[in-house]
Structure formats: structure tokens, C-alpha cells
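Subject: the structure I promised

Hi,

Here is the structure we talked about, with the sequence alongside. Have a look at it, then read on for what turned up.

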Amino acid sequence: MTTDSTKLFELIIAASLTNNFVFTRYLGLCIFFGVSKKMETALGMGITFTAVMMISAALSWVVYNLVMLPLDITFLKIIVFIGIIAAFVQASDTIMRKMSPGLYYKLGIYLALISTNCIILAVPLINADEQYSFLESLAFGFGSGIGFALALIIMASIREKIEVADVPAPFKGMPMAFIVTSMIALAFMGLSGLITI
Amino acid sequence: MHELQRLVLDVVRLIHGLDISNLLLPYVGVGGGIEAHEHVDLVHTLKYTLIFLVGVSAIFGFGLALTAQKFAVKIDPRVEKVKEVLAHAHCGACGYAGCDQYAEAVVNNPEVSPSLCTPGGALCAEAVAFITGKKAEIKEPIFARIMCQGNWDKSSKKFRYEGVQDCRAAVLAGGGDKSCLYGCLGYGTCARVCPFDALSMAEDHLPFVDITKCTGCRKCEAACPKKVIEVLPASKQVLVACHSKDKGVDTRKNCEVGCIACGICVKVCPFDAPKVERNLSRIDINKCRVCGLCVPRCPTKAIEDFIPKRSKAEVTDKCIGCQICMKVCPVNAATGEKKKKHHIDHSRCIGCGICTAKCPVQAIEGTFNATDVFCLAAAKKQNAAS
């Protein structure tokens, strides 16, 4: 039991810090640059992202391990995972609109964006490749969600300051954001010795 | 032709002869790892693939259809239509959080007025009124007016500011670098918040309002830390463009174009519109008739006339020779004998429009207010007739 829980903890730390998807694997950059302009949107996106990530990781684990592995059709995983995520996001969009309009107006706009994010596809694929158990898959999904939220929040807090700073004209906007991201990525390299799996 | 047919038959025979299921088919995983199966039963794989894909898509399809039906939210189709005609600046001028909220309120609540969208203007108000079945109130357009003419050449500074180039930041440093506490700082915060690109910073570090783009959403008014911007009705085009409440001497020291509260405008105005209070003259926009008499008389040129060029008055053949225009003209430009057509001396006329407004038979045209005066008179006549 102790080894189990340490493994789960290690997975969460690994996915969120040492192998942060944005800063070490360079995935999901599109949303990362698009949503990190304001702290408020960054927070909303982070929360929605983590929730969607965990649920889609769980759903794809079930389909992959209970249906696709026994039938020996694992080569279909990319297409099936995309389908699962898209369908789940669409369904949750509809349900949220009815059940809690308040939450829908706050987070609904991010849902459609999420379905096209590559981290959300990468997590089930890595889960399948590494043959994680159900709990481990959940932990991995949670960790990567938290990692993405962390990246967004760090970036948003810096970019809000950059907005008013005196940046040389050619670097204004996106170029500066990329430079800052590379700096944070360098800083995250320092965490790489923290945990090894 | 025969040869081609034979070739095709050959190829078909060749394919038949091949036993694909005995081939070693590589199996490529996502991570780049290749797992080779010794034997792949192609028929089986294909069968399961088809069944699985059809099954998964059927489940997703039916599931989504079910949720869509079960959790359907009824939206008034009018809300979408209203949303389309609104300005989509999300400026909050209507008093709601955003355009979506206003669209919902205006459709569902019969007491919400359809003409609250200031950026959309009269056209949008009419469209919303048409969709919701309400009556649009015609509102005069409003524009942002910069109540300061003290650019960096004409006004003095008390220190050199080299911080963040934003008025909101500059004002933190001892109220800004300008000697005048009430003037425009000129770091362009208003131009950056304007959602319609109507404000731009001119060369002389004063904002310029493009009234063809300005919608009167009041975002700049809220953003300006010096409260230099006022949003006023479009027709009120003569304004004291100064907010300085310093004593006349101090104002003059700080700025060449500040109001020194000399009171000349109060004396000149035939309608009692300007009033000097706490060392500052202010024109009461309800009393002002935009005649522009005060503009050339102001010793510091603090009064701004937004009519670019005032056209001169012209007497038409309708004139009955009543001499009223001669009595009201502040510059004695009107001349003529009784019962004969009068004449207006263009070298004297300043285009104030007072005679146009006072003429009992609407015989004077050419001034800026002529169309308004004629429309009003026609409406009055119609009212009297009915």
C-alpha cells in the first residue's frame, strides 16, 4: 500500500513539475499562449483543464484496457481517444449549460478550446504506452492538469507585468512571451533531479 | 486495349495468389516502439476494428443525442438575434456585465429599454426595438470630449517623469509630472482602453477623438486618472476645455490655454450659459445654443469650438423685412430697411445662428443650426394644424 501511494505521489510530482508538459515537452503551447494573458482566464482554464484531463484519462483507460486490449486493436488508440475526448467535452458542455449556467458562463468558453489541446490527447496515450493502472492513470492526469494550471498561472502573472513594462518595440507581445517561456523552461530544468521514474 | 485488359487480369491474379495473412506486418506504437506480431489475422482484426468503431461511434452518437435532448436549454431565438445587432464591445455602458446579459435582459424583461446600447447607436436601438417589439427612444449620440488643451509645449512640468508610460502609473508619482493638477498627462491610457480605436495620441501628447468612431461608451472616461475626459451630447460643441480650479495667476503660470476665470464669457453670452465657479468657467450645456460668441473673446483660448468651420448666414426671399435679425445679431452684420429684404454682411457674420433661430418666417439659412430650426418649425406647424 505504501509503495502504491508513493508511486501515485511520484507520478503527480513528475507530471506537474519535473516533466511539466508545457516546459519540458512543449505540448499545448497554443492554449498556453492564448489564455495566459490574464490571471482570471488562466485560473478558469487551469481548473477546467484539470477536471477534463482526469475524467478523459479515466474514460480512455476503461475503453483501452477493457475493450481495445482484449480485441487486440490497440493501433486504433489515437483515433479512439480523440473521439472519446471530443464526445465527453461536448456532452459536459451540454450538461453544464443546463445544470449550472453560472459555471457554464465562467468556464464554458474554455471547454471547446480544450477538446483540441494536445496535452489532453497525450495523457491517455502515455497512460496506454506505460501500462499504468487505473489509479496511476488518474494520478498522471491530475498531475499534468495541475502542471498545466501552474504553467498558466506563472505565465499570466508575468505577462500582466510585461504589459506595462517598457519592452523594445520588435519584442512587444508574442516574441516577449516566447522568451519568457524559455526562461521559465530553463528554471524548470532545475527541478529535473527531484524525482526519477 | 486488349493488352491493357490482360495486364489488369494479371495483376488481379497476382493479388489473389498472395496470402497476406502470412506476411509479417509491423505494428507501430505511439512512442516509436515497434512491436512485431508473428502472425496477424487480418480478417479478424478488420472485423473487430469495424465492429468496435461502429459500436463506439454509435454509443457516442446516441449518447450525445440523448444528452442534447435531455439537457436542452430553451433559449428565446430573439436573444440570439439581439446579440447579433449589438455592438459587441462588452463595454458595460448599458449597465449589464456584457452584451449577452443585456440581450437576455432586454428580451425577457419588458421594462428594460431597447436603446441602452450606446456604442450601437440609433440603428442598433431601432433593430433591438424591432426584434423585441418595444419602442426605441431616439437618443442623441454622445462623444468623448477632452477637457484640456494644454499639450506639452503649452504647459509646464514640475519634474521629468521616466517611469512606465501610462497615465495611471504617472499619476502615482506625486500626481503626475504636469504642473497643472487638472490637466491631461498625455501618456495615452485612454487611447489604449478605447475598444473602437476612436482615440489616438497626437504628436503634441494630447488625445484626439475621432467622432466617426467614438460611440460614447465611457470607457476612456472611467480610465482617465485625471478625469479630463467628459462624455457629452454631440450637439453641444462649444466647451470650456479646461478643468483647472487653480487661481487665475497659477493657471496662467502652468499653462497657456487654461481657464483663468476672467468672466468675459459670462458677459458675452446672450443666453447666460457660462458660469464661473471656484476659479473655473463652465458652460451649462442645457442653456448653451452653440453660438460660439465666447470662443474668440476668451483671452487664453480655453474655450474650444468643435464646429470646424462656421458657415455664414444667408437671407432668402421669404424675408418679410421685420428687422428682428438686426436686433438679435451680436455683431451687427444684418442690415436692411423695413418691409424690404434684409442683407447680411459676410465679412462681419460669425455664423452664430442666432438670427436663424429668431427669424419668425425661417428666412435665414446657411448656418450650422438651419436644418434643426427648420425641422422644429415644420413639426410645430404640423402640430398646430392637427
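First, a term you'll need: a residue counts as buried if 20 or more other C-beta atoms lie within 10 Å of its own, as exposed if 12 or fewer do, and as partly exposed in between. Please also keep in mind that this is a predicted model.

Let's start with chain A. By the cut-off above, 39% of its 197 residues are buried. Its secondary structure consists of nine helices and zero strands, so to speak a plain run of α-α-α-α-α-α-α-α-α along the sequence. If you take the contacts in chain A with a separation of 6 or more, 80% of them come from residues 24 or more positions apart.

Next, where the chains meet. Chain A puts 19 residues into the contact and chain B puts in 20 residues. On chain A's side, helix H4 (39–71), helix H5 (77–99) and helix H7 (118–130) each supply at least two residues. H5(A) gives the largest share of that side, with ten residues. Sorted by class, the side of chain A that touches chain B has twelve nonpolar, three polar and four charged residues.

Now to chain B, beginning with a helix. H5(B) covers residues 121–132, and its twelve residues reach 17 Å from the first C-alpha to the last, close to the 16 Å expected at 1.5 Å a residue. Its buried residues are Cys124(B), Ala125(B), Val128(B), Ile131(B) and Thr132(B). Looking down the axis of H5(B), these buried residues fall within an arc of 130°, so they line one face of the helix. The general background is that an α-helix has 3.6 residues a turn, so residues three or four places apart point the same way. As for what covers the buried residues of H5(B), helix H3 (77–85) and helix H4 (99–108) of chain B are included. Just after H5(B) comes Gly133(B), with a positive phi of about 75°.

Then there is strand E3 of chain B, residues 142–146, where five of the five residues are buried. Both of its faces are covered: Ile142(B), Ala144(B) and Ile146(B) are buried on one side, Phe143(B) and Arg145(B) on the other. That fits the rule that side chains in a regular strand alternate between the two faces of the sheet. E3(B) pairs with strand E6 (residues 229–233) of chain B in the antiparallel sense, over five bridges, and Phe143(B) stands opposite Leu232(B) in E6(B).

Further along, strand E8 (residues 274–277) and strand E9 (residues 280–283) of chain B also pair in the antiparallel sense, over four bridges. Here Val276(B) stands opposite Ser281(B) in E9(B). E8(B) and E9(B) make a hairpin with two residues between them. In that turn, Arg278(B) has a positive phi of about 45° although it is not a glycine. Arg278(B) is exposed, with 9 other C-beta atoms within 10 Å.

Finally, Gln323(B) is another residue other than glycine with a positive phi, near 70°. You'll find Gln323(B) in the loop between strand E11 (314–315) and helix H12 (324–328) of chain B. Is Gln323(B) exposed, partly exposed or buried? Gln323(B) is partly exposed, because 16 other C-beta atoms lie within 10 Å, and the partly exposed class sits between 12 or fewer and 20 or more.

Enjoy looking around!

Note on methods
Residues are numbered from 1 along each chain as its sequence is written. Chains are lettered from A and ligands numbered from 1 in the order in which they are written. Two residues are in contact if their C-beta atoms, placed from the backbone, lie within 7 Å. Ala, Val, Leu, Ile, Met, Phe, Trp, Tyr, Cys and Pro count as nonpolar, Asp, Glu, Lys and Arg as charged, and the others, Gly among them, as polar. Two strands pair if DSSP finds at least two bridges between them. The expected span of a helix is 1.5 Å times one less than its number of residues. The arc is that of the directions from the helix axis to the C-beta atoms.
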